[in-house]
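Please open the structure in your viewer, with the sequence panel beside it, and follow the stops below in order.

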Amino acid sequence: MQRLLLSVIFILGISISSYSQSIPSPDKFLGYDIGTQFSRHSQVVDYFEAVAKALPNQVKMEKYGQTYERRPLYVTYISSEENIKNLNAIRENNLKNAGLRNGASDNPEVAVVWLSYNVHGNEASSTEASMLTLYKLLTEKQDWLKNTVVIIDPCVNPDGRDRYVNWFNETASQPYDIDQQASEHNEPWPGGRPNHYLFDLNRDWAWGSQTESASRLKVYNKWMPHIHVDFHEQGINEPYYFAPAAEPFHEIISDFQRDFQTEIGKNHAKYFDAEGWLFFTRERFDLFYPSYGDTYPTYMGAIGMTYEQGGHGRAGLGILNDEGHVLTLVERLTHHTTSGLSTVEMASKNAKRLNTEFSKFFDNSGLKYKSYALSGNPDNIGSLTKLLLKHHIQYEKVTTNKASGYNYTTGQQGNINLDENSIVVHTDQPKGKMVKVLFEPNAKLTDSLTYDITAWSMPYAYGLDAVASTSKIPSKPVKLIKNRKPYQPLSDAYGYVSDWNSMKDAKFLASVLKADFRVRFTEKPFTSNGKDFKRGSLIITKGDNLKLKNMRSTLDAIAKAHDKKLETINSGFSQNKPDIGSPDIKLINKQKIAVLSGEGTSSLNYGAIWHFFEQQLKYPVTSLNTENLSRTNLDKYNILIMPSGDYGSLLNEDTMNTLKDWVRSGGKVIAIDAALRSFAGKDDFSLKYKKTENTQETENLTAYGDRERENANNLITGAIFKSKIDATHPMAFGYGDDYFTLKIGSSTYDILDRGYNVGYITDTNVFSGFAGQNTLKNLEKTLVFGEERMGNGSFIYMVDNPLFRSFWENGKLFLVNSIFFVNNNAFEL
């Protein structure tokens, strides 16, 4: 017996040794001890490829996309030889277990664990840890792989990572400087955190607005893992954070998901305790906002978790923190490796249980609302269905002309009318819980102290009429492949009219302007050829475009590309005025647009604007660095967009006077969110802060330990309010009398005493999300959108950012209107 045991140990030792010899260690492959330098993304990919080549029966790489800067995106599958051989069968079986594929699953006992690293580019220790985790799994933890498939995405954000790593490698001292004030610990704007377009990819899971997110969702939804971990870093003085998460938990999260997080956390604690490492749990990082790397997987049935290591972009290779500890990259990646391996261990030990509970999650019979019916602008419905398809969520066509339930517009029980374009999304489908999260009118909030916004409901985001029904609304499946009617070429006519009520129309306008068409829009409704046309309708006349060769065929091609039906008009004489030559039908300038970037601007807001113009509207925009504004010739531009930011030092007296002179001569400034602070209460401006009630006396009596929670009364953490809209103003063309706005802060401004109050709040009822009681007192009669004329030009105020994270689809037309329609007497270059 003793000989047999020795033989087993000997054979096992040979097996482990052979793995170690065949697989290059990170140190050996990279040529330096891991953690002593930052590895570029290409080096990381090369290492994973080398391991896959050394052990092809256990490691498989899959390219799932590429970044905007053309860096490849990979996931790597690691498991036993048997599992890798049957990888697709395991995947299909897992989907059957969730009801996402037809057929019975085969008593699944294989756990699927997905580890995502470096979603924030300057939280760079985790990608280093991914290499060490891969190596240790294959050389030390082979037993865990017998019943576990581990999926590693070593770098979710390669563009941001390389921006950070390249900056650090060219900046840092040798040896590294631990002084916090050293340049290597202070990144320049915009930092390595975001991707190419400066989006926070950790808040883009549900929206999929960025190519990295959209590409990853395709693979994620093909697998639907049982556990997903998102590796992060936080401030240099913070110890390690791991699950369980903090309250609030969304109500759909199961008891098992809650409890198993705790079990995983206790397993981590065992290893951290053995080394004397500090950590904390159940604080700060909640499970509520659906677009995180922990919440999105959780709402898809997984155990979704965030792990946070102290360090972030400030830490570099090593830094002396405020507690006198030198925090090194080696220490940081070691912690991440330990928690990652501990996670795989827990999955392996509980594989069958994970599969059983995963299957239970997809029972949606207990959900209150059975259907969400949506009606309204067909283009907006089309945009919403594209989002649903990203998440493999089914929708259907309604077979009734009316639906009853909770009415999103009124906030009460009621009805909406339905038509052939209306859709319904049922919750009796496998992803019914995610449907609830995305569509529910007002998510139940158990704690007002949250890490992110508390409202995102899709009917409001897409500007649609909707009801949530407790009974299933009659419907039929949608045929995704339609036999489209062939495009009918334009006939010869006096002119052509396009309606105006969606981003689809805006993209069409951008295309015809870039093709040098002269386009008009109407400020008043008119009737021609027996057809009624609303404010904002685009008019392209033959007479305006005589200089264009092949005018009609070119317009045909653009309209066909945008799936736009243009109405013909045969005369400039309208049945109901204005006539086409009226001063109320104005020529649209081919605007030259500039946007501020650099220090002082919000990189997130600037990035959203940049992405909007390049990837959505597809209209040229020039970025101007704030450092150069004082010596920039603004006369080259019609429009200057000021993203949210702090411009206090930038807009000194001379620069402000220059800006005002440029506006008086016909320029337009579009100020968004915090940028309004640069003008509020200043000379020559009507914009003023809303006076707030003085609560200082009460606050000073609040106990120290209660101060944070008491302060929640002064916050708006992403809540939805109904605002009144002046639909006759060009900024609001395409909108109705009401607009649901997403407020992401508590800053408030009085309605303008001169100029135009295009959007304003009179109803302080919170339709969705959290707003503290003190903030509600100050919201009544406050500005949402406004225009203030100065000379021949305008200052346009957007208190609430319509491009926030690019998911508030219904707000985007306000920005387009501001550019092309508002004060169209402004100069043309």
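Begin by selecting leucine 327, which lies in strand E12 (residues 326-328); helices (H or I, at least four residues) and strands (E, at least two) are DSSP runs, numbered from the N terminus. The model is a predicted one, in which local features need pLDDT of at least 70 and side-chain atom pairs count only at pLDDT 80 or more, while totals for chains, interfaces and linings use all residues. Residues are numbered from 1 along each chain as its sequence is written, and side-chain values use heavy atoms, with hydrogens and water left out.

Leucine 327 counts as buried because its relative accessibility is 3%, where buried means under 20% relative accessible area, exposed over 50% and partly exposed in between (1.4 Å probe, protein chains only). Show its surroundings and, not counting residues up to four places away in sequence, you will find that leucine 327 touches Ile236, Gln309, Gly310, Gly311, Leu317, Gly318, Ile319 and Arg332, contact being defined as heavy atoms within 4.5 Å. If you then add proline 194, the C-alpha atoms of leucine 327 and proline 194 are 23 Å apart in space, with the two positions 133 residues apart in sequence numbering.

Move next to asparagine 147, placed in the loop between helix H6 (125-139) and strand E4 (148-153). Which side chains does asparagine 147 join by a polar contact? One is threonine 148, at 3.2 Å, and another is serine 348, at 2.8 Å. A polar contact here is a pair of N or O atoms within 3.5 Å; within protein, one must be able to donate a hydrogen and the other to accept it, and residues adjacent in sequence count only if both atoms are side-chain atoms. Leaving aside neighbours within four places in sequence, the contacts of asparagine 147 include Asn83, Glu109 and Ala351.

Now select the seven strands of an open sheet, which follow the order E16-E15-E18-E13-E17-E14-E19 with antiparallel pairing; two strands pair if DSSP finds at least two bridges between them. Its edges are strand E16 (412-417) and strand E19 (475-477), each of which pairs on one side only. From one strand to the next the twist averages 40°, with axes taken as lines fitted to C-alpha atoms, for helices over the stretch in contact, and angles running from 0 to 180 degrees between N-to-C directions.

At one edge, strand E14 (residues 396-398) pairs with E19 in the antiparallel sense over three bridges, and lysine 397 stands opposite lysine 476 in E19. Helix H15 (residues 432-439) packs on the sheet, where it touches strand E13 (371-375) and strand E17 (423-426), and its direction makes about 50° with that of E13.

Stay with phenylalanine 439, whose contacts beyond four places in sequence include Tyr372, Leu374, Val425 and Met458. In the largest nonpolar core, which has 141 residues, Trp223, Phe439, Met458 and Phe807 touch the most other members; such a core is a set of buried Ala, Val, Leu, Ile, Met, Phe, Trp, Tyr and Cys residues joined through side-chain atoms within 4.5 Å. A second, separate core of 57 residues includes Val113, Leu132, Ala243 and Ala351.

As a last stop, select leucine 464, in the loop between helix H16 (458-461) and strand E18 (465-469). Leucine 464 counts as buried because its relative accessibility is 5%, and its contacts beyond four places in sequence include Leu374, Asn377, Ile381 and Pro459.
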